[in-house]
Amino acid sequence: MDHVSKFYETKRYRCLEYRQKQTEDLYLTFCGVEKCAPGTSFHAHTRSGYHLHVILSGKGTLTIRGKVQTLHFGQMFMTKPGEECWYGPDDDDPWTYCWMTFDGNNARSYAENCGFKDGINWQDCYVEHQEFYLLVQRILERPELNLANDLLRLGILLEYLSLAVESNYKSAQVVRHHHEYAPDVYVNHALDFIRYNYATIKVNDVAKYIGINRSYLTNIFKKKMGVSPQEYLLQFRLNRGCQLLLETRLSIQEIAQKIGYENPLTFSKMFKSVYGVSPRNYRMRGGMEELPSRKDYKEEEQAQE
């Protein structure tokens, strides 16, 4: 087979298309990094090979067999040959991801060992996502066609898959932890962690501290508290903001920073969207007899992911 290699680079996209089989058992065909533009989408149906994406930032959706799944930073997903699949970035917080595409006689076995068995196309990532990115960058930095680079690409592909397999092992360990304690124990630990660290944490930090995955935490938290951990964290911050507005002379900017908002405008916007008044007017009125309660935190959840 003749060497076929193409390298593409724009402000948003770097990709190496590589058609040289290093071995029949396993070989690299594509790899790249893309900062996706809002409104774009990809249809993976006739593509060959297994495309393993690692989300480096932002959010997007993956649609397989008509089922839509929202994915975000800290997760990875795979499209497989012959599957009807669409994926694209979120309009407000579009994702950036890196990927490698591999094929060969043993490709399916490698995909399954990474955790992507039949019916599974996405999962949480339990290793440092930046390591995947650095491996892709090493290949992109050496696009030249020669034997040394042929061998290098195969070696880096194996490292990339090794990270995914390691993540799958760690995922299995986390799942086993679910049965060590009753759900209420995990929820109570989450509540304590939020109350003492609300200004500096995200929900992923809560799950990591407890030792369970985020989806399981969200499930048991909602059953007990009636809201998701994200909603609880945001409401806790705003309640603390109300308290500081009435009991201190701190500026709006200082209060915003104390409760976890780097930008005071973001704090003011969220405060007004939930309570119907600005922080300044709330302070001037001396509070409100009964604060309204809302669960519409979509905009803020996007900012905090």
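**Exercise 1. Find which helix contributes the largest share of the lining of the largest pocket, and describe that pocket.**

Solution. The largest share of the lining of the largest pocket, four residues, is supplied by helix H5 (residues 203-210), where helices (H or I, at least four residues) and strands (E, at least two) are DSSP runs, numbered from the N terminus. The model is a predicted one, in which local features need pLDDT of at least 70 and side-chain atom pairs count only at pLDDT 80 or more, while totals for chains, interfaces and linings use all residues. Residues are numbered from 1 along each chain as its sequence is written, and side-chain values use heavy atoms, with hydrogens and water left out.

The next step is the volume, which for the largest pocket is about 650 Å³. A pocket is, on a 1 Å grid over the protein atoms alone, an open set of points where a 1.4 Å probe fits, with protein on both sides within 12 Å along at least five of seven lines, and lining residues have an atom within 4 Å of a point. Grid points are joined across faces, edges and corners, and the volume is the space filled by probe spheres set on the points. Of the 21 residues that line the largest pocket, Gly 74, Cys 125, Tyr 126, Asn 204 and Lys 208 are the closest to its centre.

Finally, the lining residues can be sorted by character, which gives seven nonpolar, seven polar and seven charged; here Ala, Val, Leu, Ile, Met, Phe, Trp, Tyr, Cys and Pro count as nonpolar, Asp, Glu, Lys and Arg as charged, and the others, Gly among them, as polar.

**Exercise 2. Determine the order of the four strands in the open sheet and state which strands stand at its edges.**

Solution. The four strands follow the order E4-E9-E6-E7, and their pairing is antiparallel; two strands pair if DSSP finds at least two bridges between them. Strand E4 (42-44) and strand E7 (67-72) each have a single partner strand and therefore stand at the edges, with one side of each left without a neighbour in the sheet. On average, neighbouring strands of this sheet are turned by 20° against each other, direction ignored, the axes being lines fitted to C-alpha atoms, for helices over the stretch in contact, and angles running from 0 to 180 degrees between N-to-C directions.

To follow one pairing in detail, take strand E6 (residues 59-64), which is joined to E7 in the antiparallel sense over six bridges. Within this pairing, Leu 62 has Gln 69 of E7 as its bridge partner.

**Exercise 3. Trace the partners of strand E5 and of strand E8, and decide how far each strand is buried.**

Solution. Strand E5 (residues 50-57) is mostly covered, with seven of its eight residues buried, where buried means under 20% relative accessible area, exposed over 50%, and partly exposed in between (1.4 Å probe, protein chains only). Seven bridges join E5 to strand E10 (residues 96-103), and the two run antiparallel; in E10, Tyr 97 is the bridge partner of Ile 55.

E5 also pairs with strand E8 (residues 75-79), in the antiparallel sense and over four bridges. His 51 has Thr 79 of E8 as its bridge partner, and Leu 52 stands opposite Met 78 in E8.

Five of the five residues of E8 are buried, so this strand is largely enclosed by the rest of the structure. Gln 75, Phe 77 and Thr 79 point one way from E8, whereas Met 76 and Met 78 point the other way. E8 pairs with strand E11 (residues 122-124) as well, antiparallel and over three bridges, and there Met 76 stands opposite Gln 123.

**Exercise 4. Classify the ring pairs Tyr 97 with Trp 99 and Phe 267 with Phe 271.**

Solution. The whole structure holds 19 aromatic pairs; rings of Phe, Tyr and Trp (its six-membered ring) pair if their centres lie within 6.5 Å, and planes under 30 degrees apart count as stacked, over 60 as edge-to-face and the rest as tilted. The rings of Tyr 97 and Trp 99 have centres 6.1 Å apart and planes at 80°, so this pair is edge-to-face. Tyr 97 is buried at 2% relative accessibility, and Trp 99 is buried at 7%.

For Phe 267 and Phe 271, the centres are 5.7 Å apart and the planes stand at 70°, so this pair is also edge-to-face. These two residues are four apart in helix H9 (residues 264-275), which means that about one helical turn separates them.
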